[in-house]
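I opened this entry to look up how one sheet is built, what packs on it, and where two chains meet.

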Amino acid sequence: MSNISESIKNSTSINLVGTSILVLILFLLNLVFGSINIPFKAVVEVFSGADTDNIVWSNILLRTRLPQALVALGAGVGLSISGLLMQTLFRNPLAGPSVLGISSGASLGVGFVVLLAGGFFGFSMSSLGIIGDFAILIAAFSGSLGILFVILLIAKKTKGTLSVLIMGVMIGYLSSSVVGMMKFYSLEEDVHTYVIWGLGSFSRMSLPRAQLFLLLTIVPSVICILLAKWLNLLSMGDNYARSLGLKIERARFITILLSGILTATVTAFCGPIVFIGMAVPHMAKMISKTSNHLILISTTGILGAATALLCNLIARLPGFDSALPINSVTAFIGAPVVISVILKRRRDNLPDN
Amino acid sequence: MTESIKLEKLDIGYLSSKSTKKVACNLFANLNRGEMTCLLGPNGTGKSTLIKTICGFLKPVSGTVSINGQNTTQLDEKEMAKHVAIVLTDKIMLPNATVYELVMYGRSPYTNFLGRLSAEDKEVINRSIEMCGIAHKKSALLSTLSDGERQKATIAKALAQDTPIIILDEPTAFLDLPARVEIMHLLRSLASDTGKSVLMSTHDLDLALQMSDELWLLQKDCLISGTPEDLVLQNAFQPMFNNGSIEFDNKTGLFKVAYDYNVTIPVKGHGFRYTLLRRALMRKGIKPVKAIETDCVYIEITDNTNNGFVVWNKDQIMLKTNSVGEVIKQIIDVTPLLLSADNRATLVMN
């Protein structure tokens, strides 16, 4: 009988190794492919530290493609794990990183800075360049952390998990209505800046900032692995979880906190990225065929990196003059995944939960 | 100390900041080790509320619940998890989970932060699965199990928790009769073999009377406990069924459906055929009475294997059959009857 658990273990490690190799390949492809054709040999030369004759190539690789790939990697890992946490906490397959209203909070923060500043100070945010970028980053961070704080307060006050979900969705609606009002009264170029921010992008960061971003997303993601046991219990339902010794309120608080930090970070740096956080956990569940979050979280993280890198690659496929907005690509890949998961459930006669 | 749970002057209900809704009050009871106890009570008397209170999900309105000598309000989740394992009515929705994984989660109170299983944990898990008789479904997905198998897997999960007490909220609901009996047998043998206390709420009065060591009868303002037989002797069940549609059968010591009757018919004979005929007649509102010499219309039960039932009228055979259904039909439809509750059957022939 121990063969069974052995073979499960084996297939799990095969999955993890396989997806990790996939991430590596996609990462390399992200460096190699782009609107400008750089030979593979030159790519190896630049990264092995050897001097290259072509400064332009090395600039493109180090200043554009590498940071972009790093950001895609971090955002993919962070959003997917954040989404998995939400799906487990709310026991809802449609939950994702945005259900708590945290990305709406970021939009609200950015809306205040980008849309209102023009009206108040008489100059457009978009004319400020680097300082403007930084202001947007700070605004998005404070907006999302503010909403996270409110959600955590609600989670502490209320007993049910469902009410937290409803509050999150409602806060999302509230902030988009406020953003709508601000848009109405703001300058046209500011609205344009806001819309561009809202499309999401992996290409806004310099290399040092991309490295910082990677650190900020990977560290909380790794900490999430420590929640695996709690998440396993939470997914059985509150009463069963409590009867197995889980302090529900504490587990719920920390799960929301970590998921919120991940979403806030990614949204602040990249803008709201849709669908990756919702679709990737489904892919991970389909591949790993387990309910154990120790395996699910790792698989989700690795698959998230692969998906984000793939989306980034598609967005910059050779042949396009400029990159497509990343959100249109993620939705294009994410929506069919979610649809196929739902259809497969129907076919297998599984409950929708 | 033989009791593992002790209820003292317990009031149960729902506390909120504004008002308190009491469901039942003044409950005293003991749960014994190594025994299976069934909690019975009509719908709405608070069986689930009592179970939630004992498990610590609800605070007692007043009074105390002690588990192994400790007041539950002083035990935190972790300590409770080592005293009490539960099986609830909520269906466990774990997509992609196998039976083994579900039972594995039952070991959570003993595993480390990452949920790593020791050799001992694995042994307990395998033993629990085997004791519940689902070893062949060990690596099956939960979603592919039948209701009975799923319930056994949930019980195996509770067993893996290795607690002196297991509490189950209606574990036999949604199951067919053989599966119910199987689950009750399983719980009984768990109690007697492992010395655990098993408390389960149920609506299966018959099974509870036959299989449980002790009964708890929950009523609005008291909880009567004792062996099923003692409770029968005390006539303790009467308040539960005061609408009269159920009566206690002194012969079998079980409950049966009570029918009103307004006619009687004499029957001659006895045995298994009589029991069946009686049940069919009672369902139609006709009560069989013992036939006497002067009866002219009566049903005779014979030893003949081809024609077990004979309907007589004034020494004439009206019907010879082996089917209860035909006898009933003859009595009710074919032959016009003038029967009354006071007189013996009178048949008026046209």
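My notes on the sheet, its helices and the chain contact follow.

I am working with a predicted model, in which local features need pLDDT of at least 70 and side-chain atom pairs count only at pLDDT 80 or more, while totals for chains, interfaces and linings use all residues. Residues are numbered from 1 along each chain as its sequence is written, and chains are lettered from A and ligands numbered from 1 in the order in which they are written.

I looked up the sheet of chain B, taking strands (E, at least two residues) and helices (H or I, at least four) as DSSP runs numbered from the N terminus, and counting strands as paired if DSSP finds at least two bridges between them. Six strands form an open, mixed sheet in the order 6-7-8-3-9-10, with strand 6 (84-87) and strand 10 (222-226) at the edges, each pairing on one side only.

I then followed strand 3 (residues 36-40) of chain B, which runs parallel to strand 8 (residues 197-201) and is joined to that strand by four bridges; B:Cys38 stands opposite B:Met200 there.

For packing I counted residues as in contact if their C-beta atoms, placed from the backbone, lie within 7 Å, and took angles, from 0 to 180 degrees, between N-to-C directions of axes fitted to C-alpha atoms, for helices over the stretch in contact. Helix 1 (residues 47-55) of chain B packs on the sheet, making about 150° with strand 7, whereas helix 5 (residues 147-160) of chain B lies across strand 6 and strand 7, at about 170° to strand 6.

Last, I noted that the chain contact takes 29 residues from chain B and 28 residues from chain A; helix 2 (77-83), strand 6 and helix 3 (99-105) of chain B each supply at least two residues of the chain B side.

Notes
Two residues are in contact if their C-beta atoms, placed from the backbone, lie within 7 Å.
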